[in-house]
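Hi,

Here is the structure I said I would pass on to you. Have a look at it first, then read on for my notes.

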Amino acid sequence: MTLDRSLVTHFSTLEDPRCSLKWRHNLLDMIVIAIAGTLCGADGWVQIAQFGRSKEAWLKQFLELPHGIPSHDTFGRVFSLLRPEAVEACFRDWVEAIREVIPGEVIAIDGKTLRRSHDRGKGLAALHLVSAWATANQVVLGQVATEAKSNEITAIPQVLDLLHLNGCIVTIDAMGCQTAIAEQIVAQGGKYVLALKGNQGTLAAEVEEAFIDADAREYAEVASEVLETTEQGHGRRETRRYRTLGDLSGVPRSALWEAMNMIGMVESEREVNGKITRETRFYIGCIGTDVATFARAVRGHWGVENHLHWSLDVSFNEDDSRVRDPEARENLALVRRIALTRLQHDDAKLGIQSKRLKAGWDERYLAKLLFEAPTIAPQKNASKISNIRKA
């Protein structure tokens with residue numbers, strides 16, 4: 001069996017930061033053990049080292065292991081020396097090699113805090129990662145670390161710099177609704193849909209008033225489309241009405257936004273056990289008034305929460321990780337994302353946690369995960385469209 005050129009070999013070019021006269025363990029061996037251990041359920045350096053010792057005979061079929069399996073302290077020390085930017089670059093190369101480029105793909109930018117990664121004694125805040133998530137391919141395209149959620153505004157441009165946005169639609173929540181960010185997205189060949197909230201109070205008020213005026217005129221003689229979706233199951237029924245509007249005459253501040261040519265509104269009604277709640281959200285964008293595109297962007301954005309952040313917390317216990325070294329905690333977070341990506345795109349009809357257990361029990365399955373390139377099939381939106389019409 002040869003090492004898969006789509007995963008392991010992408011990390012073989014990673015520069016070793018250690019003195020060549022002092023190290024005892026090959027860097028690539030340690031990276032493969034860390035990824036394999038994480039695939040099999042290990043959630044930290046102690047468990048990764050224990051996995052390596054229990055699978056040493058099997059690992060020697062593929063790895064050199066000149067001095068056996070490193071200790072957990074060695075794993076922690078080496079991963080604290082690796083530059084996260086370099087590890088991230090290897091990860092992005094692997095993702096670009098396996099994913100299918102889809103015209104008009106929605107890329108969701110969102111942040112997640114690793115809640116127990118702080119060290120108050122040393123003044124180290126919990127790690128906050130801002131990730132770019134390809135919603136159709138369901139893969140992380142890149143991430144940038146900060147030490148506070150409030151720093152997302154400065155981290156988002158750095159994430160965008162890592163991406164090829166040509167023909168893609170970038171979605172960001174209200175914190176990233178900034179003129180400079182919109183300008184950068186357009187400059188890189190992309191389009192944007194940005195959520196509006198209090199941080200853009202005047203613009204949000206103008207957008208809401210524009211919809212009120214257009215509705216009073218029954219959207220006569222304006223470019224506008226409406227689409228309604230209904231989802232039902234597990235005792236819950238949710239109806240969403242998406243509305244776009246291309247008339248920006250009532251939104252004077254739209255002139256400040258690069259290429260902005262539409263505003264959007266989503267009215268949600270959720271019924272759970274007879275209790276009904278309603279919510280209205282507003283957006284700006286440069287995607288035109290095609291309401292199906294707008295709905296796909298808005299719904300797709302939440303994939304980063306459901307398929308990435310939720311999976312990392314539930315299946316990988318990420319919020320409970322106590323790795324505190326600044327570089328090591330970021331590199332271990334990236335190892336989790338590598339493992340999650342590989343497991344999500346394996347064709348076994350199992351959940352992520354069950355796949356991790358199977359990898360630990362079945363060495364043939366683990367070898368498949370490590371050494372065979374995954375097939376990434378674009379996911380389709382499962383929402384049922386009950387009504388669509390042009391206004």
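Below is what turned up, taken topic by topic.

One thing to keep in mind throughout: this is a predicted model.

**The core**

I'd start in the middle of things. The largest nonpolar core has 104 residues, and the members that touch the most others are Ile109, Ile263 and Ile284. If you want to know which element gives the most to this core, go to helix H1, residues 27–39, which supplies nine residues. Another core lies apart from it, with 15 residues, including Ala195, Val266, Ala295 and Val298.

Ile284 is a good residue to click on. Setting aside neighbours within four places in sequence, its contacts include Tyr192, Val193, Leu194 and Leu196, along with Trp257, Met260 and Met262. Ile263 is on that list of contacts too, and so is Cys177.

**Cysteines**

How many disulfides does the structure hold? The count is zero. Take Cys286: the nearest cysteine sulfur belongs to Cys177 and is 12 Å away, and Cys286 is in no disulfide. A disulfide needs the two sulfur atoms within 2.5 Å, so that 12 Å separation rules out a bond between this pair. As for surroundings, Cys286 is buried, at a relative accessible area of 7%, while Cys19 is partly exposed, at 40%.

**Helices that cross H11**

Two helix pairs are worth a look, and both involve H11. A packed pair of helices is described by the distance between the axes and the angle between them.

In the first pair, helix H10 (residues 303–316) and helix H11 (residues 326–344) have axes that come within 11 Å and cross at roughly 100 degrees. Angles of 65 to 115 degrees count as roughly perpendicular, so H10 is roughly perpendicular to H11. On the H10 side, the residues that meet H11 are His307, Leu308, Ser311, Leu312 and Phe316. Their partners in H11 are Arg336, Arg337, Ala339, Leu340, Leu343 and Gln344. By class, this contact has six nonpolar, three polar and two charged residues.

In the second pair, helix H4 (residues 72–81) meets H11, with axes that come within 7 Å and cross at roughly 95 degrees. Here too the description is roughly perpendicular, for H4 against H11. Gly76, Phe79 and Ser80 are the H4 residues in this contact, and they meet Glu327, Ala328, Asn331 and Val335 in H11. The classes come out as three nonpolar, three polar and one charged.

**Buried residues outside the helices and strands**

Is His118 buried or exposed, given its place in a loop? That loop runs between strand S1 (106–113) and strand S2 (128–134), and His118 is buried, with a relative accessible area of 17%. Leaving out neighbours within four places in sequence, His118 is in contact with Leu124, Ala125 and Ala126, and also with Arg322, Arg324 and Arg329.

Ile69 sits in the loop between helix H3 (56–59) and H4. With a relative accessible area of 14%, Ile69 is buried as well. Beyond the neighbours within four places in sequence, its contacts are His25, Ile33, Ala49, Gly52, Arg53, Glu56 and Leu59. Ile33 and Ile69 are 36 residues apart in sequence, and their C-alpha atoms are 8.8 Å apart in space.

Then there is Leu14, in the segment before H1. Leu14 is buried, at 10% relative accessible area. Again leaving aside neighbours within four places in sequence, Leu14 is in contact with Leu27, Ile31, Leu82, Ala86, Val87 and Cys90. If you look across to Glu330, which is 316 residues away from Leu14 along the chain, the two C-alpha atoms are separated by 16 Å.

**Two positive phi angles**

Most residues other than glycine have a negative phi. Which residues have a positive one here? Gln138 is one of them, with phi near 55 degrees. Gln138 lies in the loop between S2 and strand S3 (139–146) and is buried, at 13% relative accessibility. Ala259 is another, with phi near 65 degrees. Ala259 belongs to the loop between strand S7 (236–245) and strand S8 (262–272), and it is partly exposed, with a relative accessible area of 41%.

Happy browsing!

Notes. Residues are numbered from 1 along each chain as its sequence is written. This is a predicted model: local features need pLDDT of at least 70, side-chain atom pairs count only at pLDDT 80 or more; totals for chains, interfaces and linings use all residues. Side-chain values use heavy atoms; hydrogens and water are left out. Axes are lines fitted to C-alpha atoms, for helices over the stretch in contact, and angles run from 0 to 180 degrees between N-to-C directions. Helices (H or I, at least four residues) and strands (E, at least two) are DSSP runs, numbered from the N terminus. Angles under 35 degrees count as roughly parallel, over 145 as roughly antiparallel, 65 to 115 as roughly perpendicular and the rest as oblique. Contact means heavy atoms within 4.5 Å. Ala, Val, Leu, Ile, Met, Phe, Trp, Tyr, Cys and Pro count as nonpolar, Asp, Glu, Lys and Arg as charged, and the others, Gly among them, as polar. Buried means under 20% relative accessible area, exposed over 50%, partly exposed in between (1.4 Å probe, protein chains only). A nonpolar core is a set of buried Ala, Val, Leu, Ile, Met, Phe, Trp, Tyr and Cys residues joined through side-chain atoms within 4.5 Å.
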